[in-house]
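Please take a moment to look over the chain shown here before reading on. The paragraphs after it follow a few parts of the fold in turn.

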Amino acid sequence: MKELTRYFYRLFVSKGFSENIAEYSNLLIGIGILTISLWIIHFLTKKVFVAIFKKYASKSKNTFDDYLVKNKTFDYLAHIIPLSLTIWIVPLLFSAFPIAEKYLEVLFDIMVIVLVIWIVRSILRTLRDFLKSLNSFKDKPIDSYIQVFMIFVWSIGIILIFSLVTGKSIWSFLTALGAMSAVILLIFKDTILGFVASIQVSVNDTVRIGDWITMEKYGADGDVIEINLSSVKVQNFDKTITTIPTYHLTSESFRNWRGMMDSGGRRIKRSLLIKTSSIAFLSKEEIDNLQKIELIKSYLQKINHEIGIYNKDHKIDKNLLINGRNLTNMGVFRMYVALYLENHPYINKEMTIMSRQLESSAQGTPLEIYAFSNDKIWQNYEKIMADIFDHLLSAIPYFHLEVYELDYSIKK
């Protein structure tokens, strides 16, 4: 091969050209022929080698090879043959130029390192995409670990390149890095914190991809779409993207709604403010009128019978309603709310259902509804809750109650 690369040199010398002209002419022609040859080889390699693997991947049932094609792994592998030929032939062309040959050797070594890094990066990205396609890894911070490994690979590559360029050994370079460790720690502080936080998040199962989280400090209220080494991306419900430093998920407080999403329902916890002055005892006529409401008819008959027996046995004077046991419009309405929720088709009957009275204030007496809708989708949840309170607000006048600062006339 060396004799072949010197062919044009011998030809020009035999034709009477000077040795310098013959050397440069031989070099230029050799580079030209090599460039055309490498282009043809690279073209054929991509057409044959890459095409075969792409065809195989398209027919294969395994998705891993599809991700290899997507991340151009075979394209990078196709560079190996042309680069190998270049490393083999170019030093022969430059044998008459030892200084240039020395620099070219360094350049080719750097090209090999960079190509290896590209291939490793492509394989790691393929692994990332493949793992994300598996149900058991969909919600794991795969990006963080891939980024850490890539930092490690790039660090080794940079160290090797600096060693080649400077001509110093790798150990001397590492010794210099050790002396600069404080500066390195300062530069990569966020990366190191992010790496540690990613491990903590994964091990403690604090956040997964797909979780709905709320972090008011950063204006985040939406679904986690990506967890990587330096940040967590949250797509808010208005479709904006909020980026949160990963280590803040371990150092600061945030709300993760996964527990609600994994449970059987989404909590409804809201109050009706009842005007305190409208709360009163119920007369017999009012009780009889309320028995027309089907939902509380049986309850009123039962409790009214119990109260009647109690007052009779204790010889209570019922000329005044305050004497003995009595029903109040607030108490009956509270029972109506509880029965209404228990019979509502979109309330989860396996979870807590409660209607409770909270502490009175200047704004009235709150009647809190505490239950869980069996539909957790936000849009449906809001509709269910709105329908419930529309009904209860409309029902309040039937019990001779009033909402704070609003007057209702009794419906006939």
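In this predicted model, the side chains of R258 and D211 are joined by a polar contact of 2.9 Å. R258 belongs to helix α13, which covers residues 258-262, and it counts as buried because its relative accessibility is 13%, where the cut-off for buried is under 20%. If neighbours within four places in sequence are left aside, R258 is in contact with D205, T206, V207, R208 and W212 as well as with D211.

We can turn next to the strands. Strands of a sheet pair through backbone hydrogen bonds, and the pairing may be parallel or antiparallel. Here five strands make an open sheet with antiparallel pairing, in the order β4-β3-β2-β1-β5, and the edges are formed by β4 (241-245) and β5 (255-256), each of which pairs on one side only. Within this sheet, β2 (residues 220-227) and β3 (residues 231-236) are held in antiparallel pairing over five bridges, and D223 stands opposite Q235 in β3.

Where, then, do the nonpolar residues gather? In soluble globular proteins, nonpolar side chains tend to be buried together. The largest nonpolar core of this model has 35 residues, and F333, Y336, I388 and F399 are those with the most contacts inside it. Among the elements that give two or more residues to this core are β6 (266-274), α15 (294-313) and α17 (378-395), while α16 gives the most, with eight residues. Not counting residues up to four places away in sequence, I388 touches I268, Y340, L341, H344 and I347. Apart from this core lies another, of 13 residues, which includes I213, M215, I244 and L249.

Conventions
Residues are numbered from 1 along each chain as its sequence is written. This is a predicted model: local features need pLDDT of at least 70, side-chain atom pairs count only at pLDDT 80 or more; totals for chains, interfaces and linings use all residues. Side-chain values use heavy atoms; hydrogens and water are left out. Two strands pair if DSSP finds at least two bridges between them. Helices (H or I, at least four residues) and strands (E, at least two) are DSSP runs, numbered from the N terminus. Buried means under 20% relative accessible area, exposed over 50%, partly exposed in between (1.4 Å probe, protein chains only). A polar contact is a pair of N or O atoms within 3.5 Å; within protein, one must be able to donate a hydrogen and the other to accept it, and residues adjacent in sequence count only if both atoms are side-chain atoms. Contact means heavy atoms within 4.5 Å. A nonpolar core is a set of buried Ala, Val, Leu, Ile, Met, Phe, Trp, Tyr and Cys residues joined through side-chain atoms within 4.5 Å.
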